[in-house]
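Me: Please take one close look at a single part of this model, the region where its helices pack, and tell me how that part connects with what surrounds it. I would like a careful, connected account rather than a list.

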Amino acid sequence: MGKQFLTDTLGYIQRHWRTLFLFLLFLTVLFTVYGLYGLPWGPAFYTALLFTVALILFSFWDFRHYRQRQQHLYFLRKQAPTHLGALPIAADKQERAYQELLHLLEKRCQDAEEHARQSTENAKEYYTLWSHQIKTPLAAMRLLLREETPDCSALEQELFKTEQYVEMVLQYQRLGKGPMDLLFQEYSLDFLIRQAIKKTATLFIHKKISLNFTSVSCRVITDEKWLVFILEQLLTNAVKYTPKGAVSIYLQPDTPATLVIEDTGIGIRPEDLPRVFEWGYTGYNGRLDKRSTGVGLSLCRQALTMLGHSIRITSEVGKGTRVLLDLSRQTLEVE
């Protein structure tokens, strides 16, 4: 307590040293004038005494308020890691400006902490779901391998699911690195689409779903790994929710930079459509498919936003779904 009082006293003197200097200068001038003119010293001493007493009384009163403010600040400093709280009433405009700056920084820190907390919760939830999700194809492969004559087609199907789950978790980790992990170049969109088709071909063959695709003459500036991953996810979803029929890939005629992936599947309910990109939201279709995590579309939208692209979905129950990828963007310097 004594150390804190001494610190406050020194801080108060340091803050008001100009006032003390001016008072001493006033006394020096007063006595100098009286001495030069040979005036009686009584009035000078009386005036100096009055000013000294007034200054001491005012200083005690001001120091008391100063110490209260300092104690308030000591208290706020202890709880600053969690919450700044109400600062003392600002003494002037400059102090008010500093307080506004502190509150602004506090808001940014709180937003950053909330974002980090939410990201940690999402990651924990996702890794928990993923660890259960990947057990299904592994268990299926183990059962298939115990058969006298293993079904190679079914094994390939389960192996593809395992590879896709692993690729998704790797891309999820990559997403956390942000734009620093991107490599933008100009690519032939046809080349990227064919990569995604090749990776998902086993799904189309296994479910006997036809694919309608003709070469597209379009070049896009993007990150190859991310866009191929997104196309693969969207094609997987299209096949998953299409019991029979076809999946079509084409450029929208009126906007050539918009790629459309259209299926003839079960569609998405109107009440679910606005929320399909929410993290962890599975909707009605997801509840039918017990392995759905509600992460795929959310991950795709986050990645597309990072790439400078956009995505939207239209759907009609019982008739199918259209996913539209706007791949247009301002021209970038190719690396």
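Reply: A polar contact is a pair of N or O atoms within 3.5 Å; within protein, one of the two must be able to donate a hydrogen and the other to accept it, and residues adjacent in sequence count only if both atoms are side-chain atoms. The model is predicted, and one contact of this kind, at 2.8 Å, joins the side chains of Gln252 and Thr255. Gln252 sits in the loop that runs from strand S4 (246–251) to strand S5 (258–263), and with a relative accessibility of 12% Gln252 counts as buried, because the cut-off for that class is under 20%. Beyond residues up to four places away in sequence, Gln252 touches Thr258, Val260, Arg312, Arg322 and Leu324.

Some totals for the protein will help to place the region you asked about. The secondary structure comes to 10 helices and seven strands, and of the 335 residues 38% are buried. Among contacts with a separation of 6 or more, 66% are between residues 24 or more positions apart.

The part I would look at closely is helix H8, which covers residues 224–240. H8 has 17 residues, and the distance from its first C-alpha to its last is 24 Å, close to the 24 Å expected at 1.5 Å a residue. The N-terminal end of H8 is capped by Asp223, a side-chain oxygen of which lies 3.3 Å from the backbone nitrogen of Lys225. Of the 17 residues in H8, 13 are buried, and the helix is thus mostly covered.

What covers H8 can be followed through its helix partners. Two packed helices are described by the angle between their axes and the distance between the axes. For H8 and helix H10 (residues 296–307), the angle is about 150° and the axes are 10 Å apart; the two are therefore roughly antiparallel to each other, since angles over 145 degrees are put in that class. The crossing of H8 past H10 is left-handed. On the H8 side the contact is made by Trp226, Leu227, Phe229, Ile230, Gln233, Leu234 and Asn237, while H10 supplies Gly296, Leu297, Leu299, Cys300, Ala303, Leu304, Met306 and Leu307.

Another residue of H10, Ser298, counts as buried at 4% relative accessibility. Leaving out residues up to four places away in sequence, Ser298 touches Phe277, Glu278 and Trp279. Ser298 and Glu278 are 20 residues apart in sequence, and their C-alpha atoms are 5.7 Å apart in space.

H8 also packs with helix H6, and here the axes come within 11 Å and cross at roughly 135°, so that H6 and H8 are oblique to each other. This crossing, too, is left-handed. Phe160, Gln164, Glu167, Met168, Gln171, Arg174 and Leu175 of H6 meet Lys225, Trp226, Phe229, Glu232, Gln233 and Thr236 of H8. H6 itself runs over residues 152–175, and because its 24 residues should span 34 Å at 1.5 Å a residue, the 34 Å between its end C-alpha atoms agrees with expectation. At the N-terminal end of H6 the cap is Asp151, with a side-chain oxygen 3.1 Å from the backbone nitrogen of Ser153.

A further helix reaches this neighbourhood through Thr200, which is found in helix H7. Thr200 counts as buried, at 0% relative accessibility, and apart from residues up to four places away in sequence it touches Phe160, Glu232, Leu235 and Thr236. Of those residues, Phe160 belongs to the H6 side of the H6–H8 contact, and Glu232 and Thr236 belong to the H8 side. Farther along the chain, Lys208 lies in the loop between H7 (189–207) and strand S2 (210–213), where it has a positive phi of about 55° although it is not a glycine. Lys208 is exposed, with a relative accessible area of 74%.

Returning to H8, its residue Ala238 is buried, with a relative accessible area of 4%. Once its neighbours within four places in sequence are set aside, Ala238 is in contact with Val247 and Asp263; Val247 falls within the range of strand S4 and Asp263 within that of strand S5. Ala238 and Gly320 are 82 residues apart along the chain, with their C-alpha atoms separated by 8.9 Å.

Note on methods:
Residues are numbered from 1 along each chain as its sequence is written. This is a predicted model: local features need pLDDT of at least 70, side-chain atom pairs count only at pLDDT 80 or more; totals for chains, interfaces and linings use all residues. Side-chain values use heavy atoms; hydrogens and water are left out. Helices (H or I, at least four residues) and strands (E, at least two) are DSSP runs, numbered from the N terminus. Buried means under 20% relative accessible area, exposed over 50%, partly exposed in between (1.4 Å probe, protein chains only). Contact means heavy atoms within 4.5 Å. The expected span of a helix is 1.5 Å times one less than its number of residues. Axes are lines fitted to C-alpha atoms, for helices over the stretch in contact, and angles run from 0 to 180 degrees between N-to-C directions. Angles under 35 degrees count as roughly parallel, over 145 as roughly antiparallel, 65 to 115 as roughly perpendicular and the rest as oblique. A crossing is left-handed if the near helix is turned anticlockwise from the far one by less than a right angle, and right-handed if clockwise.
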